[in-house]
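Thank you all for making the time this morning. I would like to walk through one model with you, taking the contacts between side chains before the arrangement of the strands.

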Amino acid sequence: MASASPRQEPGLDHRFWEGRYQAGRTGWERGVPTPAFIRLLASARAPELGRVAVPGCGRGHDALLFAEAGHEVTGFDFAPSAIAGAKELAAVAGLTHRTTFVVADILSPEAHAHLGAFDYVVERACYCALHPSDRDRYVANVATMLRPGGRLIGSFFIGPAEGGPPFAATWEEIHASLAPWFEVEVLGEPAAETPLAGADLFAVLRRSA
């Protein structure tokens, strides 16, 4: 999955994201796990232990949160610098036995190499980072990575924002791209839990059989 596929929006590829990390322009990196995921794992609704994929994992804060809870986690990111940082944090946390971090293009057809490999996909800031023209392809690849009945656990950026990345979307737009593959199980209320201007929306969706 390490090769980059062509983009409809120039610049939003592995070179773009690696450049952002090299320049230190990583405003989406809050340095701690996503609050909605912390609450989920501490609640009675916490998912049973399983195999977790985290596309666009960055330096791995959410991936490590799920690994600390006992899940087997694989993080994917365009940027080699992000993956290197995630591996370093995993080593410091003593979680290398539960984590794998891979430089990968989540939009590549090679994502199908992971067909049905995961029980959960954790989405935070990957959907909004991609150009809107890539959303359907991203969702389809995420769906193929999940076993039937697997869950997409998401904290979606709903804006407001001008331009991008991040590319804001309403819940209606997000749901429209997810609906061919997923059924909504849990839908939260917008919450200002991001350093970006705007709000995130927590949702859990079940992969249709």
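Let me begin with a question: is phenylalanine 16 buried, exposed or partly exposed? With a relative accessible area of 24%, phenylalanine 16 is partly exposed, because that value falls between the 20% under which a residue is called buried and the 50% over which a residue is called exposed. Please keep in mind throughout that what you are looking at is a predicted model.

The ring of phenylalanine 16 pairs with that of tryptophan 17, and since the two planes stand at 90° with the ring centres 4.8 Å apart, the pair is classed as edge-to-face. Tryptophan 17, for its part, counts as buried, at 7% relative accessibility. A second edge-to-face pair is made by phenylalanine 37 and phenylalanine 66, whose ring centres are 6.0 Å apart and whose planes meet at 70°. That pair links distant parts of the chain, given that phenylalanine 37 sits in helix 2, residues 35–41, and phenylalanine 66 in helix 3, residues 61–68, with their positions 29 residues apart in the sequence. Both partners are buried, phenylalanine 37 with a relative accessible area of 0% and phenylalanine 66 with 1%. The count of aromatic pairs comes to six, and ring pairs also join Tyr127, Tyr138, Phe156 and Trp171 into a cluster.

Now to the charged residues. As a general point, side chains of opposite charge can pair when their charged atoms come close. Searching the whole structure gives four salt bridges, and I will take you through some of them.

Aspartate 119 forms a salt bridge with arginine 51, where the closest N and O atoms are 3.1 Å apart. Because aspartate 119 belongs to strand 4, residues 118–124, and arginine 51 to strand 1, residues 51–55, this pair ties together parts that are 68 residues apart in sequence. Aspartate 119 is buried, at 11% relative accessibility, whereas arginine 51 is partly exposed, at 37%.

Which other side chain meets aspartate 119 in a salt bridge? That is arginine 147, with an N to O distance of 2.7 Å. Here too the pair links distant parts of the chain, with aspartate 119 in strand 4 and arginine 147 in strand 5, residues 146–159, 28 residues apart. Arginine 147 is partly exposed, at 29% relative accessibility, and Arg51, Asp119 and Arg147 are thus linked in a network of salt bridges.

Another salt bridge, between aspartate 134 and arginine 137, has its closest N and O atoms 2.7 Å apart. Aspartate 134 is buried, with a relative accessible area of 1%, while arginine 137 is partly exposed, with 29%.

Finally, let me turn to strand 1, which we met through arginine 51. Four of its five residues are buried, so strand 1 is largely enclosed by the rest of the structure. Strand 1 runs parallel to strand 2, residues 72–77, and five bridges join the two, with valine 52 having valine 73 as its bridge partner in strand 2. Between these strands the chain passes through helix 3, and the resulting β-α-β crossover is right-handed. Strand 1 is also parallel to strand 4, to which two bridges join it, and here alanine 53 has valine 121 as its bridge partner. Strand 1 and strand 4 are therefore connected by the salt bridge pair of arginine 51 and aspartate 119 as well as by those two bridges.

How values were computed:
Residues numbered from 1 in each chain as written. Predicted model: local features only at pLDDT ≥ 70, side-chain atom pairs only at ≥ 80, totals over all residues. Heavy atoms only, no water. Salt bridge = Lys/Arg side-chain N within 4 Å of Asp/Glu carboxyl O. Buried < 20%, exposed > 50% of the residue type's maximum accessible area, 1.4 Å probe, protein only. Phe/Tyr/Trp six-rings, centres within 6.5 Å; stacked < 30°, edge-to-face > 60°. Pairing = 2+ DSSP bridges. Right-handed = clockwise from strand over helix to strand, strands pointing away.
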